[in-house]
Amino acid sequence: MPHDLHSSEADEGLALLIDKLCRTRSLSLGEYERLIAQRTPGTARELASRADAVRRQVYGTKVFTRGLIEVSSFCKKACLYCGIRRSNATARRYRLSADEIVKCANIGYDLGFRTFVLQGGEDPFFTDDVLCGIIGQIRAGHPDCAVTLSFGERSRKSYERLHEAGAERYLLRHETASPALYRRWHPPEMSLGNRMRCLSDLREIGYAVGAGFMVGAPFQTAADLACDLQFIEQFQPEMCGIGPFIPQKDTPFGDRPAGTAEQTVYLLSLLRLMQPKLLLPATTALGTILPDGRERGLAAGENVVMPNLSPLSVRKKYALYDGKLCTGEEAAQCIGCLSRRVQLVGANIVIDRGDVKS
Ligand code: SAH
Ligand code: SF4
């Protein structure tokens, strides 16, 4: 049988599954695995155009922004894939002061941001008291803005205090929903169970929650990624951040191949069809492995961009992986560049808190 007949038959089989996903918003683990394992360029194109149409139905031409402030490269954890893990003696460490963080937010406000994401390694310096002070200052200066935190795993009590202080959203990728794979990516003292405990605490406390996973990281199979899709289908987070794994040379996974843009974009489209209102950010990692990666993602279902507001002096030190983009541009340049990329796919950045559609 000629090769293209084979591939068009495969495309047809997958098209039926995609129809089912659009109708029911739910597939079995085996069905997700088939969609992932048997991806063809034809299916990927079809999926991207359907995901793009769904994004337009829900969010029109609007793309939301979040100003990302990378507050610390100190971390007490040792995730095997991450360049700022505590065991990396060559990592360059920095920590922004409360004043510097608030200043970044003020600059961001003047540039049109109405939401700020404070992210960092698990740095013990950022106690609840310190963080509550910073959140309070940003909220008092800009009551029309939302504050999002991304500081990893903390106690329920801590999440409660930060929420009371005015943080409304929390990003905590689950990384992988497969317990066996989670163990291979993390040291023994970390567990998927605790990650999931954090996510359900955050949800119960009332945060808008961002989960997410890495794509193409060592040992990951289509069956593992199917678990991720099923987890998102069941947990229904407000946001889902996914990006390709990219090696950082001083980590245990430093010589492993990176994930691909093709697989990442394909999964983004599946997520958009599964959960039409989901906030799906264009990640820097996707733009790092492919120059037009973020445009491809935006044309395939993404609806959020996260320009960097961190001071230029620290950008290169927040080195989760090698080759990170946008380490040499001022915040204003970053937003200008991203807004041109968004326009290329027929959408527009808006000045808005960018809450998930209810
Ligand atoms: N410490 C916090 C937030 C900072 S890390 C936390 O872990 O949640 C933010 C994200 O960067 C992680 O969730 C992980 O998915 C991603 N990341 C870390 N190392 C990476 C790598 N080598 N390639 C791609 N993404 C990576
Ligand atoms: Fe620390 Fe987050 Fe990196 Fe893990 S992924 S080492 S928690 S910064």
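The following paragraphs describe selected strands, helices, loops and a ligand site in a predicted model.

Strand 3, which spans residues 115–120, is largely enclosed by the rest of the structure, because six of its six residues are buried. The burial extends to both faces of the strand. Thr115, Val117 and Gln119 are buried on one side, and Phe116, Leu118 and Gly120 are buried on the other. Strands of a sheet pair through backbone hydrogen bonds, in either a parallel or an antiparallel arrangement. Strand 3 pairs with strand 2 (residues 67–72) in the parallel sense, over five bridges. Within this pairing, Gly120 of strand 3 stands opposite Ser72. Strand 3 also pairs with strand 4 (residues 146–150), again in the parallel sense and over five bridges. Here Val117 is placed opposite Thr148 of strand 4.

Each of these two pairings is accompanied by a helical connection. Helix 4 (residues 98–110) joins with strand 2 and strand 3 in a right-handed β-α-β unit. A right-handed β-α-β unit is likewise made by strand 3, helix 5 (residues 128–141) and strand 4.

A separate group of strands was also examined. Four strands form an open sheet in the order 8-9-1-10, with parallel pairing. Strand 8 and strand 10 are the edge strands of this sheet, each pairing on one side only. The pairing of strand 8 with strand 9 is parallel and comprises two bridges. In this pairing, Ala282 has Val305 of strand 9 as its bridge partner.

Helix 14 packs against several elements, including strands of this open sheet. The helix comprises 14 residues, 331–344, and reaches 20 Å from its first C-alpha to its last, close to the 20 Å expected at 1.5 Å a residue. Its buried residues are Ala331, Cys334, Ile335, Cys337, Leu338, Ser339, Arg341 and Val342. These buried residues pack against strand 1 (62–65), strand 9 (304–305) and strand 10 (348–349), as well as helix 12 (293–298) and helix 13 (312–315). Just after helix 14, Gly346 adopts a positive phi of about 75 degrees.

Two buried loop residues illustrate contacts between parts of the chain that are separated in sequence. Leu309 is located in the loop between strand 9 and helix 13. With a relative accessible area of 5%, Leu309 falls under the 20% cut-off and is therefore buried. When neighbours within four places in sequence are left aside, the contacts of Leu309 are Gly67, Leu68, Ile69, Cys104, Gly108, Leu111, Phe113, Phe116, Arg315 and Ala331. Among these contacts, Phe116 is one of the buried residues of strand 3. Ala331, a buried residue of helix 14, is 22 residues from Leu309 in sequence, and the two C-alpha atoms are 5.0 Å apart in space.

Thr283 occupies the loop between strand 8 (281–282) and helix 11 (284–289). Its relative accessible area is 9%, so Thr283 is likewise buried under the 20% cut-off. Excluding residues up to four places away in sequence, Thr283 touches Arg173, Ile242, Gly243, Pro244, Arg294 and Glu302.

Positive phi values also occur in residues other than glycine. Arg25, which is not a glycine, has a positive phi of about 60 degrees. This arginine, Arg25, lies in the loop between helix 1 (3–24) and helix 2 (29–37), and is partly exposed, with a relative accessible area of 33%. Phe219 has a positive phi near 70 degrees. Phe219 is situated in the loop between strand 6 (208–215) and helix 9 (222–235). At a relative accessible area of 31%, Phe219 is partly exposed.

Gly30 belongs to helix 2 and counts as partly exposed, at 44% relative accessibility. The C-alpha atoms of Gly30 and Ala223 are separated by 7.9 Å, although the two residues are 193 residues apart along the chain.

The surroundings of ligand 2 were also determined. Ligand 2 is surrounded by Cys75, Lys77, Cys79, Tyr81, Cys82, Ile84, Arg85 and Gly121. Five residues of this shell are nonpolar, one is polar and two are charged.

Terms used. Residues are numbered from 1 along each chain as its sequence is written. Chains are lettered from A and ligands numbered from 1 in the order in which they are written. This is a predicted model: local features need pLDDT of at least 70, side-chain atom pairs count only at pLDDT 80 or more; totals for chains, interfaces and linings use all residues. Side-chain values use heavy atoms; hydrogens and water are left out. The expected span of a helix is 1.5 Å times one less than its number of residues. Buried means under 20% relative accessible area, exposed over 50%, partly exposed in between (1.4 Å probe, protein chains only). Contact means heavy atoms within 4.5 Å. Two strands pair if DSSP finds at least two bridges between them. A crossover is right-handed if, with the strands pointing away from the viewer, the path from the first strand over the helix to the second runs clockwise. A residue is near a molecule or strand if one of its heavy atoms lies within 4 Å of it. Ala, Val, Leu, Ile, Met, Phe, Trp, Tyr, Cys and Pro count as nonpolar, Asp, Glu, Lys and Arg as charged, and the others, Gly among them, as polar.
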